[in-house]
Amino acid sequence: MGSELAVLFRRRRTWVMLLALALIPVLVAVAVRISSAGSSGRGPAFIEQISQNGLFVALVALTICIPLFLPLTVGVVAGDTISGEANLGTLRYLLVSPVGRARLLLVKFVAAMAFCLAATVVIVLAGVLIGAALFPVGPVTLLSGDTIGSGEAALRALLIAGYVTVSLLGLTAIGLFISTLTDIPVGAMAATVVISIVSQVLDSLPQLSALHPWLFSHYWLDFADLLRQPIEWSSFGTNTLLQLAYLAVFGTLAYGRFASKDVLS
Amino acid sequence: MSTVWKRWIPAAVAGVVVAGAAVAVPLSAGATSGLPEKSPQEVLALVAGSTVTAFSGTVEQTSDLGLPTLPSGTGSGSGSASTSGAASTSDASGSDGSAGTAAAASSALDLLTGTHTARVYVDGTTGSGNLRVQVLDRLAERDVIKQGDTLWLYDSGKQTAVHATPTATPDAVPTGPEQTATPQQLAEKFLEAAGSTTDVSVGGDVTVAGRSAYDLVLTPQSGSTLIGAVSIAVDSETGLPLRVEVTAAGASNPAFSSSFTSLDLSTPSADLFSFTPPAGTTVTEKAVEKPSAASGGATEPSHSESDAPKPVMTGSGWSSIVELPAGSESSALTSSPLLAQLTTPVSGGHLLSTTLLNVFVADDGRMFAGSVSAEALEAAAAQ
């Protein structure tokens, strides 16, 4: 397990992706700082609040990252789990060692989830730091109009990072499953990213509203429910249940495929 | 070979379990328990005798009025849509008041399309009553906070707040554009309107928000109204209306539904009702006169205008028509590009047609609204 994490986080690619994610809040903050004179009332939610409170940089950055950048990086990591080893020809050596295939799969999944957590935490941390550097930091205004102190705001930021990480469970499981299907990591990565985009496109079609609660991306932006007073926990619960259901289905599918597969490379 | 197939067993089991749970959970939620039989009068008495003064809950409102869905699905779409609508109106008319009204009307219209979730906190035990409604939009929130006599409307998307201090005795219900009516308020309205022109019956037992409830069905006797039936689910224990569904005449699915999805009968915390506008919010002070109560249809856009000229009621019961004299509101309504898209030009004016309610704006600025056919409205306008 430790070695798997070490391999993941020693890769230059992982660092580049985390760095790219950290750049997004920096870009947002700098852009708002430069153009702070004109507030047009457009753009993503919260973006106007940045100039009053730097902590909102983290939220804006998350809102921007969730639809594309996070699924993209998670797709790269999750899609690479098994097929990457197969492509490098290291998978059969891994299987020679006295470790069960289920355990190997589990370790790979946990490592991918560790990356999800690292990615969200990096975005939030970078956002808070750059926000604190460029803008005043003070009591945070919640969506309900109430204000909370910085300490509680930090707590909620952590909760949001947790929510987003949980939200990525389903996508990671899907990526893991696809990764067991092929020996070509790029194909698995692309398929995972495409699935996340298809899910979001389906989510935006009002004609398919019956399907929406079952899409793993449906609750992604509902992290804002943690910014209400009192906190609306129901979306957190529903989201977790949904992600666990995806994890159960695709995790076991991945096991079925991986355990019954003839590993030749 | 058989060992290979065994590896797929977990996948099959997980699939079956998830699918089973997905099917079984809504089914068990819909299961009803046997309640003692009650006559419509007994259920009405149960509603009238309801002593619930404080509760909190989540209300989900779904409207399918045949209006096109406004672009409010993602982000602060509703906020920016109304803002741009207001901006262009003020360009056209140069009047801030009508622009504000148009923005308010489009905000109210937004609430009348699609699905909205709101959290409601009511505490009627102190003074003149406290109320807080939070309309939960995606990444935004619209709040109505009423503490005693003071009323706050807050919109997190636009970062605006309206502070209203009523000059007359305040109504129990704030009439802000952000209002999402709770099942309780709606039920009172419909029961008031019912009178002798309505057949009242009790349908089968239903379960709403995990509580067993009687289903009170109001059917208008008049054939000239657009409303086919109103179904009110009344909590069997407390008499609190838990759900209101309005079905258009000839339709099978409700066109409008407002329902508690969760309900807590304990008194909500007092600090929920105190509101201080956060820094950076544009606050508008407003002295509100006693709101002009447009009864009959709770879903009227005109309902939200507190400073409207005095309305005139014609007709009675379900097929009554409300007439608003010419004023700045109706001109703002017709000049707003958003509303212009929703209305269709007819001879002598513009018609906003929904499955439950028709609104006719005559060319001279008078506005007619009612749950009747468009022809009846035009006839009323011609008189």
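## Chain A at a glance

Two residues are in contact if their C-beta atoms, placed from the backbone, lie within 7 Å. Take the contacts in chain A between residues at least 6 apart in sequence: 78% of them join residues at least 24 apart. Before going on, note that this is a predicted model, where local features need pLDDT of at least 70, side-chain atom pairs count only at pLDDT 80 or more, and totals for chains, interfaces and linings use all residues. Residues are numbered from 1 along each chain as its sequence is written, while chains are lettered from A and ligands numbered from 1 in the order in which they are written.

Chain A has 10 helices and 2 strands (helices are DSSP runs of H or I with at least four residues, strands are runs of E with at least two, and both are numbered from the N terminus). Walk along the sequence and you meet them in the order α-α-α-α-α-α-β-β-α-α-α-α. The C-alpha trace of chain A spans about 60 × 40 × 30 Å along its principal axes. Its radius of gyration is 20 Å, which agrees with the value near 18 Å for a compact globule of 265 residues (the radius is taken over C-alpha atoms, and the globule rule is 2.2 Å times the number of residues to the power 0.38). Of those 265 residues, 51% count as buried, and here's the cut-off: a residue is buried if 20 or more other C-beta atoms lie within 10 Å of its own, exposed if 12 or fewer, and partly exposed in between, with C-beta atoms placed from the backbone.

## Two partners for helix α6

Two packed helices are described by the angle between their axes and the distance between the axes. The axes are lines fitted to C-alpha atoms, for helices over the stretch in contact, and the angles run from 0 to 180 degrees between N-to-C directions. Let's start with helix α1 (residues 2-10) of chain A, which packs on helix α6 (residues 101-134) of chain A at an angle of about 45°, with the axes 10 Å apart. That makes α1(A) oblique to α6(A) (angles under 35 degrees count as roughly parallel, over 145 as roughly antiparallel, 65 to 115 as roughly perpendicular and the rest as oblique). Their crossing is right-handed, meaning that the near helix is turned clockwise from the far one by less than a right angle; anticlockwise would be left-handed. On the α1(A) side you'll find A:E4, A:L5 and A:L8, and they meet A:V107, A:K108, A:A111, A:A114 and A:F115 in α6(A). The residues of this contact split into 6 nonpolar, no polar and 2 charged (Ala, Val, Leu, Ile, Met, Phe, Trp, Tyr, Cys and Pro count as nonpolar, Asp, Glu, Lys and Arg as charged, and the others, Gly among them, as polar).

Helix α3 (residues 56-65) of chain A also packs on α6(A), at an angle of about 140° and with the axes 7 Å apart. These two helices are therefore oblique to each other, and α3(A) passes α6(A) in a right-handed crossing. A:F56, A:V57, A:A58, A:A61, A:L62 and A:C65 in α3(A) meet A:I123, A:V124, A:G127, A:V128, A:I130 and A:G131 in α6(A). By class, this contact has 10 nonpolar, 2 polar and no charged residues.

## Helices α8 and α9

Further along chain A, helix α8 (residues 169-181) and helix α9 (residues 185-203) have axes that come within 9 Å and cross at roughly 145°. The crossing of α8(A) past α9(A) is right-handed. From α8(A) come A:L171, A:I174, A:G175, A:I178 and A:S179, which meet A:A188, A:A191, A:T192, A:I195 and A:S196 in α9(A). This contact of α8(A) with α9(A) has 6 nonpolar, 4 polar and no charged residues.

## Over to chain B

Chain B has 9 helices and 19 strands. Buried residues make up 45% of its 383 residues. For contacts in chain B between residues at least 6 apart in sequence, 62% join residues at least 24 apart.

## Three residues to look up in chain B

B:L324 sits in strand β15 (residues 321-324) of chain B and counts as buried, with 24 C-beta neighbours inside 10 Å. B:L324 and B:R366 are 42 residues apart in sequence, yet 5.8 Å apart in space, C-alpha to C-alpha. B:A140 belongs to strand β4 (residues 140-147) of chain B and is buried too, with 23 other C-beta atoms within 10 Å. Between the C-alpha atoms of B:A140 and B:T281, which are 141 residues apart along the chain, the separation is 14 Å.

Finally, have a look at B:A209, in the loop between β8 (206-208) and β9 (211-220) of chain B. Phi of B:A209 is near 55°, a positive value in a residue other than glycine. B:A209 counts as buried, with 21 C-beta neighbours inside 10 Å.
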